Amino acid sequence: MQPRQLLPNLTFLDLYPPTADAAREVLSSLSAATPHLDPKYFYDEQGSALFDAITRTPEYYPTRTETRLLREHARTMARTLDTELTIVEPGAGGCEKARILLDQWQPRGYMPLEISRECLLDATRQLAPQYPQVQFQAVCADYSQALTVPTGHQELPRLVFFPGSTIGNFEPVARRTFLANLRQLAGDDGFLLIGADLHKSPERLHQAYNDSAGHTAAFNLNILAHLNRRLDCGFDLDAFEHQAFYNEDQQRVEMHLQCHRDQHVRIAGESLTLSAGTRVHTENSYKFSVEDFSRELVTAGFQPLSCWLDDEALFSVHLARAA
Ligand code: AVJ
């Protein structure tokens, strides 16, 4: 598959995963002893828009806190990095946070990897003309599967940018593997800039995932609407209720969809019944301490350089180089 030239400084490579794979994956996870869905299925066009709405709620602090930290410290980061580089961003969404780095740094290249194709195309078609000196290589892909990216500016060091504490969605073992993949992606002369949400009161976390405007509930339910649109499953969304709570033992926020009426759906040509009372686990969002997270970076083959926290120690941004 060759990248397509969309604009003088924008190429697009479409590695969107085949629907058959998604159908098989969804059928096996919903048929499991603990029915669950991969959080990547939150992010179709509607889901990306709902997440955007969540980030503007007063309760959901991570995005605005991290954005402020990136704005405040981008220049210091640039001095530390002191090199021309390509920014590679798995899960870039609408590329809002990358804009801060594009404004403050003059990177030679920017490579957003994103599964939500329309979201990615809209964002890069807007950004590329505003930064003519930056080579944009948009890649529509599922970064949690394979982090294969086009070579492009191979000779330039890479900065892997993974904001938002999306790292918190991975289970501990999968997280170790994913961080090692990010190390691979960065290369021996590369860097990592990553956001990690910090431990805090269960009340504060509960509010952040149960915003009063109901955007998180709509975002959670939309995962079923996405599967209905994409795989024609036939879920009745009114039969499900959003649940999000902080699991103190596991140090993570959990999101679930509680099923109140029997659901007879079809996935990958097979019938599946979710009986009333079933709970579908849709997301974990682990929280960290700076010490624990720095240790995980070292285990993955990075050398931590700097870490920035906001005054309330709600959120942390870590800069590291390949060790
Ligand atoms: C985008 C994965 C970082 O876990 O906080 C927001 C997604 N889920 N509200 C998070 C999310 C519920 C968010 N991440």
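Biologist: Why does serine 285 count as having a polar contact with the ligand?

Modeller: A polar side-chain atom of serine 285 lies 2.8 Å from an oxygen atom of the ligand. A polar contact is a pair of N or O atoms within 3.5 Å, so this pair qualifies. The model is predicted: local features need pLDDT of at least 70, side-chain atom pairs count only at pLDDT 80 or more, and totals for chains, interfaces and linings use all residues. Residues are numbered from 1 along each chain as its sequence is written, and side-chain values use heavy atoms, leaving out hydrogens and water.

Biologist: Which side-chain atoms does the ligand meet at tyrosine 60 and glutamate 283?

Modeller: In the side chain of tyrosine 60, an N or O atom is 2.6 Å from a ligand oxygen. In glutamate 283, a side-chain N or O atom is 2.7 Å from a ligand nitrogen. The protein buries 96% of the 350 Å² that the ligand exposes when taken alone (Shrake-Rupley method, 1.4 Å probe).

Biologist: What makes a residue part of the shell around the ligand, and how many residues surround the ligand?

Modeller: One heavy atom of the residue must lie within 4 Å of the ligand. There are 14 such residues, and the closest are Tyr60, Gly164, Tyr209, Glu283 and Ser285. By class the shell has seven nonpolar, six polar (Gly among them) and one charged (Asp, Glu, Lys or Arg). At least two shell residues come from each of α2 (45–55), α8 (215–231) and β12 (279–286); helices are DSSP runs of H or I with at least four residues, strands E runs with at least two.

Biologist: Why is α2 called roughly antiparallel to α8?

Modeller: Their axes cross at roughly 175 degrees and come within 9 Å. Angles over 145 degrees count as roughly antiparallel, so α2 and α8 fit the term. The contact (heavy atoms within 4.5 Å) involves residues including Leu50 and Phe51 of α2 and Phe219 and Arg229 of α8. It has six nonpolar, five polar and one charged residues.

Biologist: What makes α3 roughly parallel to α4?

Modeller: The axes of α3 (residues 62–81) and α4 (residues 96–104) cross at roughly 10 degrees and come within 10 Å. An angle under 35 degrees counts as roughly parallel, so the name applies to α3 and α4. Among the residues that meet are Leu70 and Arg71 in α3 and Lys97 and Ile100 in α4. This contact divides into three nonpolar, three polar and four charged residues.

How values were computed: Axes fitted to C-alpha atoms, helices over the stretch in contact; angles between N-to-C directions. Parallel < 35°, antiparallel > 145°, perpendicular 65-115°, else oblique. Polar contact = N/O pair within 3.5 Å; in protein donor to acceptor, adjacent residues only side chain to side chain.
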